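Trainee: I am new to this structure and would like a close look at a single part of it, the largest pocket. Could you take me through that part slowly, and then show me how the rest of the chain is arranged around the topic?

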Amino acid sequence: MAKRHLVDPVAFALAVVGGPLLAGLIGAPTLISPFATLIGGPVYVLAGTPIMLAYLAMRDSTPEAWAGLAFLTNLILFGIILQLPDMSRSTQSWDGMRLVWGSLFAPIWGWISGCIYASLKRDFYKQPL
């Protein structure tokens, strides 16, 4: 039987929300990063939360794993969206652009979130069950 890991709820919540926000603040002079946070941040939080919770329950994680899962989730999510039959051409191009920008920002946000989680996770949650 595989060992289960407890997820530190406070560190997790701060990491998932803090990753996009911190990236938006750091990248504020470019003006692209804050807009990416406003547009993609909610998707990152809504799609990433259940995936990261499931992943963290099975194994301990690194910032690189967070980045990889964020990238993969972005590709799967928008791959599904682009295949929906009722999409107009303008909607497909808009979602295509979000896929491109999301493929850039999701791993950055994931890595920052992973760093936040690793630094805030309390010792009690570091031991597998």
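Mentor: Before the lining can be sorted by class, the classes themselves are needed: Ala, Val, Leu, Ile, Met, Phe, Trp, Tyr, Cys and Pro count as nonpolar, Asp, Glu, Lys and Arg count as charged, and the others, with Gly among them, count as polar. Please also keep in mind that what you see is a predicted model. With those classes in hand, the lining of the largest pocket divides into 22 nonpolar residues, 6 polar residues and 1 charged residue.

The pocket itself holds about 480 Å³ of space, and 29 residues line it. If you want to find its centre in the view, look for G40, N74, R98, G102 and W109, which are the lining residues that lie nearest to that point. Three helices each supply at least two residues of this lining, namely α2 (32-58), α3 (63-82) and α4 (89-120). Among the contributors, α2 gives the largest share, with 12 residues of the lining of the largest pocket.

To place those helices, it helps to step back to the chain, which has 4 helices and 0 strands and which, read along the sequence, follows the pattern α-α-α-α. The chain has 129 residues, and 40% of them count as buried.

Helix α4, one of the helices that supply the pocket lining, is worth following for a while. One of its residues is G110, which is buried, because its relative accessible area is 0% and buried means under 20%. G110 and W66 are 44 residues apart in sequence, yet their C-alpha atoms are 4.8 Å apart in space. L99 also lies in α4, and at 19% relative accessibility this residue too counts as buried, because the limit is under 20%. For L99 and I76, the separation is 23 residues in sequence and 9.9 Å in space, taken from C-alpha to C-alpha.

A further residue of α4 is W101, and here the surroundings are described by another term, since W101 is partly exposed, with a relative accessible area of 38%. W101 belongs to a nonpolar patch on the surface, which I32, M97, L104 and I108 form together with it, and the accessible area of these residues together is about 440 Å². The largest share of this patch, 4 residues, comes from α4.

The pocket is an open space, and a separate search of the whole structure looks for enclosed ones; it finds 1 cavity of 30 Å³ or more. About 40 Å³ of space lies in the largest cavity, and its lining is made up of H5, L6, L56, R59, D60, Y117, K121 and Y125. By class, that lining has 4 nonpolar, 1 polar and 3 charged residues.

Two of those lining residues, D60 and K121, also form a salt bridge with each other, in which the closest N and O atoms are 2.6 Å apart. D60 lies in the loop between α2 and α3 and K121 in the segment after α4, so this pair ties together parts that are 61 residues apart in sequence. The partners differ in how they are covered: D60 counts as partly exposed at 44% relative accessibility, whereas K121 is buried, with a relative accessible area of 10%.

The count of salt bridges comes to 2, and the other joins the side chains of D8 and R122, at 2.9 Å from N to O. D8 lies in the segment before α1 (9-26) and R122 in the segment after α4, so the pair ties together parts that are 114 residues apart in sequence. In this pair D8 is buried, with a relative accessible area of 0%, while R122 counts as partly exposed at 42% relative accessibility.

Finally, to return to α2, the helix with the largest share of the pocket lining, M58 lies in that helix and is partly exposed, with a relative accessible area of 46%. M58 and K3 are 55 residues apart in sequence, and their C-alpha atoms are 7.1 Å apart in space.

Note on methods
Residues numbered from 1 in each chain as written. Predicted model: local features only at pLDDT ≥ 70, side-chain atom pairs only at ≥ 80, totals over all residues. Heavy atoms only, no water. 1 Å grid on protein atoms, 1.4 Å probe; cavity = no way out; pocket = protein on both sides within 12 Å on 5 of 7 lines; lining within 4 Å. Points joined across faces, edges and corners; volume = space filled by probe spheres on them. Patch = residues over 30% accessible without salt bridge, like charges linked within 9 Å, V, L, I, M, F, W, Y side chains within 5 Å. Areas by Shrake-Rupley, 256 points an atom, 1.4 Å probe, with all protein chains shown as cover. Salt bridge = Lys/Arg side-chain N within 4 Å of Asp/Glu carboxyl O. Buried < 20%, exposed > 50% of the residue type's maximum accessible area, 1.4 Å probe, protein only.
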